[in-house]
Amino acid sequence: MAIEREVLSFIIVPPYAQRAAVTAAKERFEDYLSRRFPGYDFTVGPFAPVGDEDEFCVLPVMNYPGPNGESYMCDPPKRWFVQDIADACRQFDLKGLRHFAA
């Protein structure tokens with residue numbers, strides 16, 4: 001029997017045109033998302049041919065190792081939550097000119 005669990009980690013793949021700027025602001029960007037969505041972990045991944053190349057792609061990390069060494073699957077996140085994360089990614093100021101409160 002599988003243990004069900006909420007997705008807590010996400011990989012963010014930046015749009016192709018913004019990959020260098022996102023990589024340069026990686027730590028600040030990940031911190032911004034973690035403060036915006038407390039309790040969740042975000043990692044900026046390298047550009048990959050997934051999703052729309054003009055939009056941020058939010059990939060939930062769906063599996064995790066259990067205490068017995070077996071792999072378990074999380075419940076899929078709600079679509080509205082994934083969209084909220086993508087919207088927050090678009091709102092992030094890559095140049096660091098604006099500051100967002102958590």
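Biologist: Which residue forms a salt bridge with R90?

Modeller: Happy to start there, and keep in mind that this is a predicted model. Side chains of opposite charge can pair when their charged atoms come close. In the pair you ask about, the closest N and O atoms are 3.0 Å apart. The partner of R90 is E55.

Biologist: How many residues apart are R90 and E55, and where do they lie?

Modeller: R90 sits in helix α3, while E55 belongs to the loop between β2 and β3 (57-60). The salt bridge therefore links distant parts of the chain. R90 counts as partly exposed because its relative accessibility is 41%, and E55 is partly exposed too, at 31%. Along the sequence, the separation of R90 and E55 is 35 residues.

Biologist: Which residues are linked with R90 in a network of salt bridges?

Modeller: We have already met the salt bridge between R90 and E55. The side chain of R90 also meets that of D87, at 2.1 Å from N to O. D87 and R90 both lie in helix α3, three residues apart, which is about one turn of the helix. So the residues that join R90 in the network are E55 and D87.

Biologist: How many salt bridges does a search of the whole structure find?

Modeller: Let's add another example, the salt bridge between R35 and D31, at 2.9 Å from N to O. R35 and D31 both lie in helix α2, four residues apart, or about one turn of the helix. R35 is partly exposed at 34%, and D31 is partly exposed at 40%. For the whole structure, the search gives a total of four.

Biologist: Is E30 buried or exposed?

Modeller: E30 lies in helix α2. Leaving aside neighbours within four places in sequence, E30 is in contact with F42, T43 and V44. The relative accessible area of E30 is 16%, and the cut-off for that class is under 20%, so E30 is buried.

Biologist: Why do the buried residues of α2 lie on the same side of the helix?

Modeller: First, the names: the buried residues of α2 are F29, E30, Y32 and L33. They fall on the same side of α2 because the arc they cover around the axis is only 155 degrees.

Biologist: Which elements do those buried residues of α2 pack against?

Modeller: One contact we have already seen is that of E30 with F42. Taking the buried residues of α2 together, the elements they pack against are β1, α1 (19-24), β2 and α3.

Biologist: Which element gives the largest share of the largest nonpolar core?

Modeller: This core has 24 residues, and among those touching the most other members are F10, F29 and I85. The elements that give two or more residues to this core are β1 (9-13), α2 (26-36), β2 (41-44) and α3 (79-91). The largest share is five residues, and the element that gives them is α3.

Biologist: What does F10 touch, not counting residues up to four places away in sequence?

Modeller: F10 is one of the core residues that touch the most other members. The residues that F10 touches, with those sequence neighbours set aside, are Y40, D41, F42, T43, V58, L59, P60, V61, P77, F81 and I85.

Note on methods: Residues are numbered from 1 along each chain as its sequence is written. This is a predicted model: local features need pLDDT of at least 70, side-chain atom pairs count only at pLDDT 80 or more; totals for chains, interfaces and linings use all residues. Side-chain values use heavy atoms; hydrogens and water are left out. A nonpolar core is a set of buried Ala, Val, Leu, Ile, Met, Phe, Trp, Tyr and Cys residues joined through side-chain atoms within 4.5 Å. Buried means under 20% relative accessible area, exposed over 50%, partly exposed in between (1.4 Å probe, protein chains only). Contact means heavy atoms within 4.5 Å. The arc is that of the directions from the helix axis to the C-beta atoms.
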